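I sat down with this chain today and jotted notes as I went. Here is what I looked up, in the order I got to it.

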Amino acid sequence: MFIRKVWGPPDQATMTNESVLDLPAMRAASNRACALMRVMSNPDRLLLLCQLSQGERRVGELEELLDIQQPTLSQQLAVLREESLVTTRRDGKQVYYSIDSRAALDVLNVLYAHFCSDEENTQ
């Protein structure tokens with residue numbers, strides 16, 4: 001399903017049965033989107049995902065790079081794991097994290113374009 005027009009009144013000339021939204025499907029999709037946004041709305045989790053968008057990282061690296069203390073870091077990584085946004089890989093005693101959600105990466109790209117890009121920072 002693809003929503004063609006986001007704002008403004010519907011164009012009566014082009015409205016067809018195809019344009020009618022499937023409410024149960026939209027409700028299910030909105031629930032999934034809200035769940036993703038809830039997880040990403042925490043500043044520490046958002047920073048973790050931003051860092052992981054650049055590639056796999058060890059827990060110790062994340063702690064140093066983001067200045068998030070170990071108890072908080074562990075708690076936030078657990079939330080990201082529970083929500084299936086990240087995956088882990090163990091190498092001896094080291095645990096590595098990477099992003100495992102295309103939707104999260106897509107949202108991060110939009111957030112980057114609007115809030116972090118050089119062009120946005122100069123305006």
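Which residue in β3 is the bridge partner of Val86? I found Ile99 there.

**Ground rules**

This is a predicted model, where local features need pLDDT of at least 70 and side-chain atom pairs count only at pLDDT 80 or more, while totals for chains, interfaces and linings use all residues. Residues are numbered from 1 along each chain as its sequence is written, and side-chain values use heavy atoms, with hydrogens and water left out.

**The sheet**

I started with the strands (DSSP runs of E, at least two residues, while helices are runs of H or I of at least four, both numbered from the N terminus). Three of them make an open sheet, and reading across I get β1-β3-β2, with antiparallel pairing. I noted that β1 (57–58) and β2 (86–91) are the edge strands with a single partner each, so each has one side without a neighbour in the sheet. Two strands count as paired if DSSP finds at least two bridges between them.

I then went through the pairs. β2 and β3 (residues 94–99) are joined by six bridges, and along that pair I spotted Thr87 opposite Ser98. β1 is joined to β3 by two bridges, and here Arg58 stands opposite Tyr96. The hairpin of β2 and β3 has two residues between the strands, and Gly92 has a positive phi near 65° in it.

How much of β3 is buried? Five of its six residues are, so the strand is largely enclosed by the rest of the structure. For the record, buried means under 20% relative accessible area, exposed means over 50%, and partly exposed is in between (1.4 Å probe, protein chains only).

**The helix across it, and Arg45**

Next I looked at α2, which lies across β1, β2 and β3 and runs at about 90° to β3. That angle is between N-to-C directions, on a scale from 0 to 180 degrees, with axes fitted to C-alpha atoms, for helices over the stretch in contact.

Arg45 is in this helix, residues 43–52. What does a buried Arg45 have around it? I found no salt bridge, and the nearest side chain of opposite charge, Asp44, is 8.0 Å away. (Lys and Arg count as positive, Asp and Glu as negative; His and the chain ends are not counted.) Arg45 does share a side-chain polar contact of 2.6 Å with Gln76. A polar contact is a pair of N or O atoms within 3.5 Å; within protein, one must be able to donate a hydrogen and the other to accept it, and residues adjacent in sequence count only if both atoms are side-chain atoms. Beyond its neighbours within four places in sequence, Arg45 is in contact (heavy atoms within 4.5 Å) with Arg38, Val39, Gln76, Val79 and Leu80.

**Salt bridges**

How many salt bridges are there? I count three, each being a side-chain nitrogen of Lys or Arg within 4 Å of a carboxyl oxygen of Asp or Glu.

- Arg89 pairs with Glu56, with the closest N and O atoms 2.8 Å apart. This one links distant parts of the chain, 33 residues apart: Arg89 is in β2, and Glu56 is in the loop between α2 and β1.
- Arg57 meets Glu61 at 3.8 Å, N to O.
- Asp106 meets Arg102 at 2.9 Å. Both are in helix α5 (residues 102–115), four residues apart, or about one turn of the helix.

Last check: Arg102 is exposed at 54% relative accessibility, whereas its partner Asp106 is partly exposed at 38%.
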